[in-house]
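Biologist: Could you take me through one part of this model slowly, beginning with a single side chain and its partner, and then working outward to the parts that surround it? I would like the reasoning behind each label as well as the label.

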Amino acid sequence: MVENSNDTEEFSFSAFSNLPFYKQVNARLLDLADVGRQRRIIDLGCGTGGVTKLILERLQSAKETVIFAVDHSASALRDAVAELGGRKDAVIRFVQSPVQNLKTAINGDVDAVVYCNSIHYVPDKKTLLSQIREKLSPNGILAINTSFFDGSHPPESEEFYRRWLMRSLRILKREHGMSPDASQKVESRQHLTADEYESLLQDSGFRIVKSEVADIDVPESGWFHISGFKDWIEGVMPGVPLETGRLALQKGLRQVFEERELTTIPRRWLSISAARA
Ligand SMILES: C[S@@+](CC[C@H](N)C(=O)[O-])C[C@H]1O[C@@H](n2cnc3c(N)ncnc32)[C@H](O)[C@@H]1O
């Protein structure tokens with residue numbers, strides 16, 4: 001998919017990916033996979049480069065390292081280039097490609113693949129994991145995390161999502177005279193359990209090195225900024241113009257947080273590091 005217009009840039013992932021709690025989640029994943037000592041690293045589904053930046057910070061030898069930052073979104077990559085393109089201390093190659101074309105998108109093998117908060121987008125995970133395995137050198141490492149898995153919503157958070165959605169839809173109707181268009185709903189993603197992710201990795205030729213589920217308290221700023229991300233708006237409010245969807249979601253969020261005197265909402269993050277078996 002190639003986006004040529006600039007109109008999605010203001011609905012980018014950048015503000016969310018720079019939040020301290022989110023950086024910590026990803027830094028933990030990089031710790032689990034000991035990322036930094038490798039020479040050739042792929043940042044798969046790199047988005048606006050938030051994780052690429054974290055990888056750069058921990059390189060042992062930036063001069064000898066190449067990072068391939070891969071994403072299919074032209075607007076996300078433009079943001080990433082604007083943020084990191086001027087770095088002279090390490091080589092970053094920005095590659096616009098669907099992750100499903102990894103085999104041809106990057107020449108040669110790599111020592112690590114970092115894949116943050118993006119694997120849940122891909123329906124055929126088995127084929128993708130096989131491709132990733134092929135790209136890895138012997139003993140190469142794969143690091144994956146996601147907060148979209150079966151088990152990511154603690155039961156005590158369900159009420160929040162219900163209230164937030166109801167409130168935002170009411171605002172959308174009353175203040176903008178609109179409703180989501182169910183016919184434009186993005187295909188719902190299949191959420192695997194943590195065990196299913198592990199089995200899938202093993203079936204695809206990986207050995208699990210570490211796997212953990214962490215309880216993360218997501219602050220209001222997290223929900224606020226994710227409400228400005230194109231994929232989130234389209235998922236929750238299909239067919240609604242992005243700016244209108246953003247306004248309704250952010251206003252609904254503020255109201256629910258205020259009324260319930262909330263400070264954070266818990267979410268679980270699955271992080272797995274796996275070595276090529
Ligand atoms: C939630 S963002 C995460 C970005 C980054 N990894 C981070 O954590 O800051 C997900 C990214 O995956 C990208 N993406 C989703 N499906 C993809 C696909 N099939 N091929 C390439 N990129 C994809 C989106 O464009 C988006 O930039």
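Modeller: In this predicted model, the side chain of Thr52 makes a polar contact with the side chain of Asp43, at a distance of 2.7 Å. Thr52 sits in helix α3, which covers residues 50–57, and its relative accessible area is 0%, so it falls below the 20% limit and is classed as buried. Once neighbours within four places in sequence are set aside, the residues in contact with Thr52 are Asp43, Cys46, Ile67, Ala69, Leu84 and Ile92. Asp43 therefore appears twice in this account, as the polar partner of the Thr52 side chain and as a member of that contact list.

How does helix α3 pack with helix α2, in terms of angle and distance between axes? The two helices meet at an angle of about 50°, and their axes lie 10 Å apart. Angles from 65 to 115 degrees would count as roughly perpendicular and those under 35 as roughly parallel, so α2 and α3 are described as oblique to each other. Their crossing is right-handed. On the α2 side the contact is made by Lys23, Asn26, Ala27 and Leu30, and on the α3 side by Val51, Leu54 and Ile55. Sorted by class, the residues of this contact comprise five nonpolar, one polar and one charged.

Leu30 and Ile55, which belong to that helix contact, return in the surroundings of Val35. Val35 is placed in the loop between α2 and β1, and with a relative accessibility of 5%, under the 20% limit, it counts as buried. Apart from its neighbours within four places in sequence, Val35 is in contact with Leu30, Ile41, Ile55, Arg58 and Val114. For a longer reach across the chain, the C-alpha atoms of Val35 and Thr263 are separated by 32 Å, with their positions 228 residues apart along the chain.

Asp34 is found in that loop too, between α2 (20–32) and β1 (40–44), and its backbone deserves attention: its phi is positive, about 55°, although Asp34 is not a glycine. Is Asp34 buried, exposed or partly exposed? Its relative accessible area of 43% lies between the limits of 20% and 50%, so Asp34 is partly exposed. Asn117 offers another case of a positive phi in a residue that is not a glycine, here of about 50°, in the loop between β4 (110–116) and α6 (125–135). With a relative accessible area of 13%, however, Asn117 is buried.

A further loop can be linked back to helix α3 through Leu56. Arg87 lies between α4 (74–84) and β3 (91–96), and although Arg87 and Leu56 are 31 residues apart in sequence, their C-alpha atoms are 9.7 Å apart in space. The side chain of Arg87 is joined to that of Asp89 by a polar contact of 2.9 Å, while Arg87 itself, at a relative accessible area of 33%, is partly exposed.

For a second helix pair to set beside the first, consider α7 (residues 158–176) and α11 (residues 242–260), which pack at an angle of about 130° with their axes 8 Å apart. That angle does not exceed the 145 degrees needed for roughly antiparallel, so α7 is oblique to α11. Helix α7 passes α11 in a right-handed crossing. The α7 residues in this contact include Phe160, Trp164, Ile171 and Leu172, and among those they meet in α11 are Leu247, Leu249, Leu253, Val256 and Phe257. Taken by class, the contact between α7 and α11 holds ten nonpolar, five polar and seven charged residues.

Gln250 also lies in helix α11, and its relative accessibility of 8% makes it buried. Its side chain and that of Arg246 are joined by a polar contact of 2.8 Å, and beyond neighbours within four places in sequence, Gln250 is in contact with Phe224, Ser227 and Gly228. Gln250 and Thr52 can thus be read side by side: Gln250 is buried at 8% and has a polar side-chain contact with Arg246, while Thr52 is buried at 0% and has a polar side-chain contact with Asp43.

How values were computed
Residues numbered from 1 in each chain as written. Predicted model: local features only at pLDDT ≥ 70, side-chain atom pairs only at ≥ 80, totals over all residues. Heavy atoms only, no water. Axes fitted to C-alpha atoms, helices over the stretch in contact; angles between N-to-C directions. Helix = DSSP H or I, 4+ residues; strand = E, 2+ residues; numbered from the N terminus. Left-handed = near helix turned anticlockwise from the far one by under 90°. Contact = heavy atoms within 4.5 Å. Nonpolar A, V, L, I, M, F, W, Y, C, P; charged D, E, K, R; others polar. Buried < 20%, exposed > 50% of the residue type's maximum accessible area, 1.4 Å probe, protein only. Polar contact = N/O pair within 3.5 Å; in protein donor to acceptor, adjacent residues only side chain to side chain.
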